Amino acid sequence: MISITAKKPEKFRSDLLVYCAVRRKDKMPICAESVRKVVKSLWKSGDFRAKSGETVLLYSDLLGHGHGTRPAAARILIVGLGEAKENVDEVREQLRLAGGTVAGSARKCKAAKVLVVLPQMKEILPQMKEILPQMQEINAADTAEAMSEGLVLGNYSFDRYKKEDKDRPEPVRKFYLTGSDSASSLRRGAKRGLVTAVAACRARDMANEPGNVWTPEKFARFGKELQRRYGIKCRVLEKPAMKKLGMGGILAVNQGSASPPKLVILEYISDKKNPTLMLVGKGLTFDSGGVSLKPAAGMEDMKYDMCGGAAVISAMQVVGEEQPANVNVIALIPATDNMSGGAAVKPGDIITHFGGKTSEIINTDAEGRLILADALAYGIKTYGPDAVVDLATLTGAVIIGLGHHKTGLLANNDSLAGRLLAAGESTGEPLWRLPLGPEYSKQIESKVADIKNTGGRPAGTITAAAYLQEFVGETPWAHCDIAGTAWGFTEKSYVPKGPSGIATRTLVTLIRNWKPLNKS
Ligand code: BES
Ligand code: MN
Ligand code: ZN
């Protein structure tokens with residue numbers, strides 16, 4: 001889908017040739033030499049200021065003289081990056097946004113073959129340094145990586161079930177990147193961006209599939225597929241094994257269901273001596289609320305309640321591709337739907353989780369924590385990981401607190417929390433930390449069992465995390481509540497309206513940069 005070319009951009013035959021431009025206050029935008037004249041006249045006329053998302057489309061055969069040699073491409077697109085930024089994470093985001101904008105524009109003009117000229121750092125750096133002397137330099141590989149991510153993520157669409165709409169613009173088939181930097185570093189960066197973006201798109205696909213298609217069984221099959229493709233070991237715990245192990249949480253949630261639950265476990269072991277990171281993702285393939293039924297309006301969105309599981313299993317696809325040498329990664333996806341009916345779990349019921357802790361069910365709609373609790377306790381007991389990260393569309397309350405712009409982060413370990421915050425910043429998937437503490441844990445004390453599954457309306461996101469905390473002991477652990485970001489995430493050129501694929505890229509970044517945690 002993405003290749004590097006060393007051909008001169010002007011000589012390269014494509015449907016669309018793309019240049020980037022950086023905005024400056026009261027001066028013409030910074031851009032590559034070959035489009036400087038055009039950009040200058042566009043800027044003088046006030047038609048183009050190189051704001052983020054701003055574009056100009058030019059047709060090569062209409063380009064008059066005085067604009068240099070006519071390129072072999074049918075069209076030229078100039079895309080604004082916005083103002084120069086000091087921070088590399090911000091520059092990455094600008095490039096991703098530009099990539100998303102390019103993908104959108106390319107689609108509109110039905111371009112099948114697109115060449116993007118990466119902003120030539122060597123060429124524009126002196127001018128950038130004039131504006132921002134403190135600027136951190138982004139290297140060629142990272143530039144190619146961020147642009148590739150934006151292109152691939154922005155090129156995404158889910159059309160499987162749109163059989164009749166023949167006029168929908170097709171996704172771009174092939175992107176080419178070029179730049180003055182060494183082709184090998186561009187290639188390395190583009191590859192990195194491509195594998196993560198493809199994985200995030202895979203997570204979007206899983207979420208877009210309806211609850212009658214993306215069932216727990218599908219999670220299991222995808223796990224087996226990763227085993228076949230990459231040699232990552234996949235084990236699937238079925239209902240009888242869950243009964244034997246005493247996984248009362250996942251079994252309770254599954255009680256009203258017509259299809260059996262699965263606990264999908266993936267083991268990537270690079271070396272037994274390496275530190276082990278454990279990932280857990282909520283794979284609730286449809287959440288009706290159960291006996292504590294949800295209102296009908298918007299209930300269809302609850303097919304997205306498996307986005308935590310999708311992020312985790314897609315991140316494992318990248319682990320398979322890259323086979324990191326310095327870390328072991330274990331992934332657990334507890335998967336079931338949450339339905340009502342004669343056999344379903346009821347408010348007032350008391351269940352026993354893996355490990356023996358009992359829980360009073362107050363609300364059957366607080367089911368995510370029930371399936372995660374078993375997976376966390378079982379995973380920690382079985383693998384003794386050095387750190388645990390779980391992801392879940394866990395509470396509506398996180399949307400009230402943080403809206404659709406930031407993932408809620410709760411952790412019992414500051415350095416793990418710091419890693420996740422940093423990974424989120426560099427991938428454009430920001431998180432915001434909320435506290436934990438005994439005051440909150442007190443809200444889930446039960447009169448009849450060890451704990452209860454809801455803590456009332458106040459601090460709903462925190463009490464949900466406090467429930468999970470009961471099952472991780474002293475193991476460094478972080479919980480990401482992605483209920484607000486898994487779909488309907490912040491509007492961006494590279495994020496579609498439906499599922500965002502959130503957290504896949506954050507997890508990949510966390511894994512790629514993994515080193516043992518400080519004690520904290
Ligand atoms: N899957 C939902 C959380 C959710 C709600 C995600 C809205 C995205 C949008 C979760 O299982 C749930 O129902 N949580 C309840 C907990 C409550 C009953 C304590 C909630 O947030 O209302
Ligand atoms: Mn629920
Ligand atoms: Zn749920």
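**A two-metal site in a predicted chain**

Let me start at the manganese ion (ligand 2), which is coordinated by Asp 287 (OD), Asp 365 (O), Asp 365 (OD) and Glu 367 (OE), at 2.1 to 2.2 Å; donors here are N, O and S atoms within 2.8 Å of the metal (3.2 Å for Na, K and Ca), and since water is not among the atoms, sites may look incomplete. I should say early that this is a predicted model, in which local features need pLDDT of at least 70 and side-chain atom pairs count only at pLDDT 80 or more, while totals for chains, interfaces and linings use all residues. Residues are numbered from 1 along each chain as its sequence is written, chains are lettered from A and ligands numbered from 1 in the order in which they are written, and side-chain values use heavy atoms, with hydrogens and water left out.

What is the arrangement of the 6 donor atoms around the manganese ion (ligand 2)? Their angles run from 69 to 166°, which makes the arrangement irregular. To explain the terms, six donors count as octahedral if opposite donors are over 155 degrees apart and all others between 65 and 115, four count as square planar on those same limits, four count as tetrahedral if all angles lie between 85 and 135 degrees, and anything else is irregular. Along the sequence, the donor residues of this manganese ion follow the spacing D-x77-D-x1-E.

Asp 287 also bridges the manganese ion (ligand 2) to the zinc ion (ligand 3), and the two ions lie 3.1 Å apart. Asp 287 lies in strand E11 and Glu 367 in the loop between strand E14 (358-360) and helix H10 (368-383), so the pair ties together parts that are 80 residues apart in sequence; helices (H or I, at least four residues) and strands (E, at least two) are DSSP runs, numbered from the N terminus. Both Asp 287 and Glu 367 are buried, where buried means under 20% relative accessible area, exposed over 50%, and partly exposed in between (1.4 Å probe, protein chains only).

Turning to the zinc ion (ligand 3), its coordinating residues are Lys 282 (NZ), Asp 287 (OD), Asp 305 (OD) and Glu 367 (OE), at 2.0 to 2.4 Å. Here the 6 donor atoms subtend angles of 78 to 174°, which makes the arrangement octahedral. Lys 282 and Asp 305 are both buried.

Finally, for the chain as a whole, the secondary structure comes to 15 helices and 19 strands, and buried residues make up 59% of the 520 residues.
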